[in-house]
Amino acid sequence: MIFKTTPAPRRPLRRVRTTTALRPLRHRLDPARVEDIPFRAADGVRLGLTRVDTGDGGRPAVLLLHGHTASADMFLLPETRNLVDALLDDGYEPWLLDWRGSCRLPYNETGRRYTYDDVALYDIPAAVTHIRERIGERPLFVVAHCIGSLTLSLSMAAGLVPGLAGVVSQGVFLTPKLAGRTSLRMSVAGELLKTRIDHIPVDFRKVGLWSRYTPLFALASRRASCPDPTCQILHNSAWGTGASLFVHENLSEATHDRLAELLGPAPLWILPHLRRIELARSVVRWHDTDHRYRALPPNALDAAARIDTPVLLLAGSENGLWLDSQKLCHEVLAHRQPQLDVRYTEIPGYGHLDTFLGRGAALDVFGHILDFLGERR
Ligand SMILES: [Zn+2]
């Protein structure tokens, strides 16, 4: 008999972290120069804030915002020349926020659920306020990736982070546009919410071969050229949505082997907000009646006149998640808000995450960021 008739051993449905202690950052900086700042958002949620001390109190500061389920680690890859290296060499003081969607924190798996409204209203403004208290009159820039950038656009349109010296937005800003099948699968994934699944893991080794997640990994493995299940669910399927998060060949082997550490589980309960945003083709507020969120505009694109900061929109030409959202954003803003200082730069041959994680990102991407900052420091 080929098939086993004994039932597979029962495994826990999920292994989740419940402590709010931050997982340590992985970097090759002098530990004495890395200041871990105890930090909470305005609604009391424990976040992570890190400053790289350069010993030079006159440098412009740059706040880095990661994407959802990633973390500040995405800017500190020890295996390659990373954005923090490039900023340090160019005379900046890097600050890194782990907002509540960071995989260094437990909130994607446990604890209080949130929407992107909370990030825009509480996390980002609190970080900017704290940094300003520390740096005084020095210029403060922001470089933001994916949902970090999308939520920043909502903070900016709400007037909650005025006076930034410049913003670099990667992947998506005010006009989110998802790949067609991503959009479709998001509604399918929404159906999973009705089951006991509330987040999509990426680390197959933790999930195990026999679990209720197995079909998701199996789906992601179809037509995959890479045998690594974590890579498959990210590169081929973006947590089951069907999108692609990076151009495979742009990652070094070391980064490829760390994907499960760099990108954590994705919560499914965020999908209704993401779905509303995607359908509106604009960053829209989730909470319509809760007065605590009234500082946020119902629609960030409609409130874009409030933006008072030069913006560089960056996107890889092969972005498999947000497609040409940034090009669209540039066109829409040029038409509707011609007074804004917004430019668009496309990176040939790059996807989404590889604009920061790619082995050649220092040469192909970071120069555009440094040029933009350098003109405004
Ligand atoms: Zn792979």
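Here are three short exercises, with worked solutions, on the predicted model shown above.

**Exercise 1. The sheet**

Work out the strand order of the open sheet, and find which strands stand at its edges.

*Solution.* Begin with the order: the sheet has 8 strands, arranged 1-2-4-3-5-6-9-10, and the pairing is mixed. Next, look at the two ends. Strand 1 (34–40) and strand 10 (342–347) each have a single partner strand, so one side of each lacks a neighbour in the sheet. From one strand to the next, the twist averages 20 degrees.

Now take two pairs to see the mixed pairing at work. Strand 6 (residues 166–170) and strand 9 (residues 311–316) run parallel and are joined by 4 bridges; Val168 has Leu312 of strand 9 as its bridge partner. Strand 1 and strand 2, by contrast, run antiparallel, with 7 bridges between them. Phe39 stands opposite Leu47 in strand 2. These two strands form a hairpin with 5 residues between them, and Gly44 in the turn has a positive phi of about 90 degrees.

**Exercise 2. Helix 14**

Find which residues of helix 14 are buried, and decide whether they line one face or are scattered around the helix.

*Solution.* First, list the buried residues: Phe366, Ile369, Leu370, Phe372 and Leu373. Then look down the helix axis: the buried residues of helix 14 fall within an arc of 160 degrees, so they line one face. A general point helps here: an α-helix has 3.6 residues a turn, so residues three or four places apart point the same way.

Turn to the face pointing away from the buried side, and you meet the exposed residues Gly367, Asp371 and Glu375. Finally, ask what covers the buried residues of helix 14: the cover includes strand 3, helix 1 (83–89), strand 5, strand 6, strand 9 and helix 13 (361–364).

**Exercise 3. Two positive phi values**

Compare the surroundings of Thr69 and Arg281: is each buried, exposed or partly exposed?

*Solution.* Start with Thr69, which lies in the loop between strand 3 and helix 1. Its phi is near 75 degrees, a positive value in a residue other than glycine. The cut-off for a buried residue is 20 or more other C-beta atoms within 10 Å. Thr69 has 23 within 10 Å, so Thr69 is buried.

Move on to Arg281, in the loop between helix 10 (271–280) and strand 9. Arg281 is not a glycine either, yet has a positive phi of about 55 degrees. With 16 C-beta neighbours inside 10 Å, Arg281 counts as partly exposed.

Terms used
Residues numbered from 1 in each chain as written. Predicted model: local features only at pLDDT ≥ 70, side-chain atom pairs only at ≥ 80, totals over all residues. Pairing = 2+ DSSP bridges. Axes fitted to C-alpha atoms, helices over the stretch in contact; angles between N-to-C directions. Buried ≥ 20, exposed ≤ 12 C-beta atoms within 10 Å, placed from the backbone. Arc of directions from axis to C-beta. Contact = placed C-beta atoms within 7 Å.
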